[in-house]
Amino acid sequence: MINNVSLTGRLTSDLEVMKTQTGKSVVSFTLAVGRIFDKDKTDFIRCVAWEKTADFMGTYLGKGSLIGLEGHIETRTYDKNGQTVFLTEVIASKVVTLETKAQREENLNNNNYNNNNNQQKTYSKPKEEQPINISSDDLPF
């Protein structure tokens, strides 16, 4: 079985690196990824990075950063008001920045996110975002 994901996109918000109860760094973020064959559509993909990758992202990346990501897909469930909620996320194992900080700032200042009609696209988080509560028993390592 193969479970590999490679994505290129922009971060939709500034990052907040959190620590688990055991002191491991984790960051949850949404990546805006344009479609190749339908340039007018963008997918917003929930992602999570751990430890050194999370620390790197929190230090060097922010809203609008263009990144390349490699990882795998994981699914999980949680109960909310008696109903089971299914969640699919990409767990990032490798993240690289694809532009310098100066390039990112220039793109933000020049409204590089405008479409052909000069209307600004807005990137927003998916409606329901739950905090990550993970104990050391839940970790695969």
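These notes cover the charged pairs of a predicted model, followed by two single residues.

1. The model has 5 salt bridges in total. Three of them are described below by their partners and by how far each partner is exposed, beginning with Asp43 and Arg35.

2. Asp43 and Arg35 form a salt bridge in which the closest N and O atoms are 2.8 Å apart. Asp43 has a relative accessible area of 28% and is partly exposed. Arg35 is also partly exposed, with a relative accessibility of 37%. Both values fall between the 20% and 50% cut-offs, so neither residue counts as buried or as exposed.

3. Lys41 pairs with Asp38, and here the closest N and O atoms lie 3.8 Å apart. This counts as a salt bridge because the limit is 4 Å. Lys41 is partly exposed at 42% relative accessibility, and Asp38 is partly exposed with a relative accessible area of 28%.

4. Glu89 forms a salt bridge with Arg46, with 3.4 Å between the closest N and O atoms. The two residues come from distant parts of the chain, 43 residues apart. Glu89 belongs to strand β6 (residues 83-97), while Arg46 belongs to strand β4 (residues 42-50). Are these two partners buried or exposed? Both Glu89 and Arg46 are buried. The pair is also part of a network: salt bridges with shared partners join Arg46, Arg76 and Glu89.

5. Ser25 is located in strand β3, which covers residues 25-34. Its relative accessibility is 3%, and since buried means under 20%, Ser25 counts as buried. Which side chain does the Ser25 side chain touch through a polar contact? The partner is the side chain of Asp55, at 2.7 Å.

6. The surroundings of Ser25 can be listed further, leaving aside neighbours within four places in sequence. Its contacts include Val17, Met18 and Lys19. Also among them are Ala49, Trp50, Glu51 and Ala54, as well as Asp55, the polar partner already named.

7. Lys52 is found in helix α1, which runs over residues 51-60. With a relative accessibility of 73%, Lys52 is exposed, because the cut-off for that class is over 50%. Lys52 and Lys94 are 42 residues apart along the chain, and their C-alpha atoms are separated by 9.7 Å.

8. To recap two of the residues: Ser25 is buried at 3% relative accessibility, whereas Lys52 is exposed at 73%.

Key:
Residues are numbered from 1 along each chain as its sequence is written. This is a predicted model: local features need pLDDT of at least 70, side-chain atom pairs count only at pLDDT 80 or more; totals for chains, interfaces and linings use all residues. Side-chain values use heavy atoms; hydrogens and water are left out. A salt bridge is a side-chain nitrogen of Lys or Arg within 4 Å of a carboxyl oxygen of Asp or Glu. Buried means under 20% relative accessible area, exposed over 50%, partly exposed in between (1.4 Å probe, protein chains only). Helices (H or I, at least four residues) and strands (E, at least two) are DSSP runs, numbered from the N terminus. A polar contact is a pair of N or O atoms within 3.5 Å; within protein, one must be able to donate a hydrogen and the other to accept it, and residues adjacent in sequence count only if both atoms are side-chain atoms. Contact means heavy atoms within 4.5 Å.
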